[in-house]
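Opening the notebook on this one. I want to look up a few helices and a couple of odd backbone spots, and jot down what turns up.

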Amino acid sequence: MSKRIDVKDLNVYYGNFLAVEGVNINIEAKSVTAFIGPSGCGKSTFLRTLNRMHEVLPGARVEGEVLLDGDNLYGPGVDPVTVRTQVGMVFQRPNPFPTMSIRDNVLAGVKLNNKKISKGEADALVEKSLRGANLWNEVKDRLEKPGSGLSGGQQQRLCIARAIAVEPQVILMDEPCSALDPISTLAVEDLINELKDQYTVVIVTHNMQQAARVSDRTAFFNIAGTGKPGKLIEFADTTTIFNNPAQKATEDYVSGRFG
Ligand SMILES: Nc1ncnc2c1ncn2[C@@H]1O[C@H](COP(=O)(O)OP(=O)(O)OP(=O)(O)O)[C@@H](O)[C@H]1O
Ligand SMILES: [Mg+2]
């Protein structure tokens, strides 16, 4: 299952600091959307508002709406824990639980949600999630070994399996390949390509080639200066952003003439 996200007039604060201002964006279901832009422009901050991970920091808050298939994630009575099961997240550094087995790592999110499942159901879910993350063949004979014994690329795919296991509708990825070698990066990119048949995927990346390779649409964020809020400058098909952007700032950024 895959859902669309519509963001309306979103402002994102850390205490009094307005970090991201006035974002309006429509993210299609079953597609890959890339967020690009210079360091500090608020890509991670904005990404975290899409599954209510932003507000776990003291003083952090948002104004505006984030609609998941029309339902406001910030509406009254909406449980942020439920939101995070619908909108999963994969972080920059692979963060498997190091002492936990590969199998238990895959199930960690499911157990966190207090879901009771039988051993048989758990086995099936582990296999399905690891297959979905393109990792099954590499780990099927070592499921009880610790997750920390995997290579960086395998660990990142394990984290993707953990995200998939809770059956989210959307998967957010914050620079998921920045700690990976080129081969592992391609493995994760292949996987992202497959995931979009089933999920809505949003990926933050500093790698222009990666954005061009994996995404259908690209959002360019920018910041006018230190202390100023980040803003969404341009959002369009990835080919348009890279070949024929409407804004000069976008063109300067994607062509490397930035700063
Ligand atoms: N926990 C926090 N408390 C206060 N300010 C923060 C916090 N996290 C980020 N910021 C500020 O919010 C702004 C946006 O940061 P953010 O991490 O979202 O940028 P980014 O675009 O993801 O950058 P990068 O490409 O380096 O990851 C920055 O000015 C940053 O200093
Ligand atoms: Mg970031």
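Entry 1, E167. I started with the accessibility of E167: at 42% relative accessibility, it counts as partly exposed, because that value falls between the 20% and 50% cut-offs. Note to self that this is a predicted model. I then checked the backbone and found a positive phi of about 55° at E167, although this residue is not a glycine. The residue comes just after α6, in the loop that leads from α6 to β7 (170-174).

Entry 2, R52. I went looking for a similar case and noted R52, also not a glycine, with a positive phi of about 60°. Where does R52 lie? I placed R52 in the loop between α1 (43-49) and β4 (60-68). Is R52 buried or exposed? R52 is buried, since its relative accessible area is 10% and the limit for buried is under 20%.

Entry 3, α6. Back to the helix that precedes E167. I counted 14 residues in α6 and got a reach of 20 Å from the first C-alpha to the last, close to the 20 Å expected at 1.5 Å a residue. I also checked burial: 13 of the 14 residues of α6 are buried, so the rest of the structure largely encloses this helix.

Entry 4, α3. Next I looked at α3 (residues 102-112), where eight of the 11 residues are buried, so this helix too is largely enclosed by the rest of the structure. I wrote down the buried ones: I102, R103, N105, V106, L107, A108, G109 and V110. What do the buried residues of α3 pack against? I found three partners for them, namely α4 (119-132), α5 (136-139) and α6 (152-165).

Entry 5, α3 on α4. I pulled the geometry for this pair: the two helices pack at an angle of about 100°, and their axes are 10 Å apart. That angle makes α3 roughly perpendicular to α4, because the class covers 65 to 115 degrees. From α3, the contact uses I102, R103, V106, L107 and V110. From α4, I listed K119, A122, D123, L125, V126, S129 and L130. Reminder for reading those lists: an α-helix has 3.6 residues a turn, so residues three or four places apart point the same way. Last, I sorted the residues of the α3 contact with α4 by type and got eight nonpolar, one polar and three charged.

Definitions and conventions. Residues are numbered from 1 along each chain as its sequence is written. Chains are lettered from A and ligands numbered from 1 in the order in which they are written. This is a predicted model: local features need pLDDT of at least 70, side-chain atom pairs count only at pLDDT 80 or more; totals for chains, interfaces and linings use all residues. Side-chain values use heavy atoms; hydrogens and water are left out. Buried means under 20% relative accessible area, exposed over 50%, partly exposed in between (1.4 Å probe, protein chains only). Contact means heavy atoms within 4.5 Å. The expected span of a helix is 1.5 Å times one less than its number of residues. Axes are lines fitted to C-alpha atoms, for helices over the stretch in contact, and angles run from 0 to 180 degrees between N-to-C directions. Angles under 35 degrees count as roughly parallel, over 145 as roughly antiparallel, 65 to 115 as roughly perpendicular and the rest as oblique. Ala, Val, Leu, Ile, Met, Phe, Trp, Tyr, Cys and Pro count as nonpolar, Asp, Glu, Lys and Arg as charged, and the others, Gly among them, as polar.
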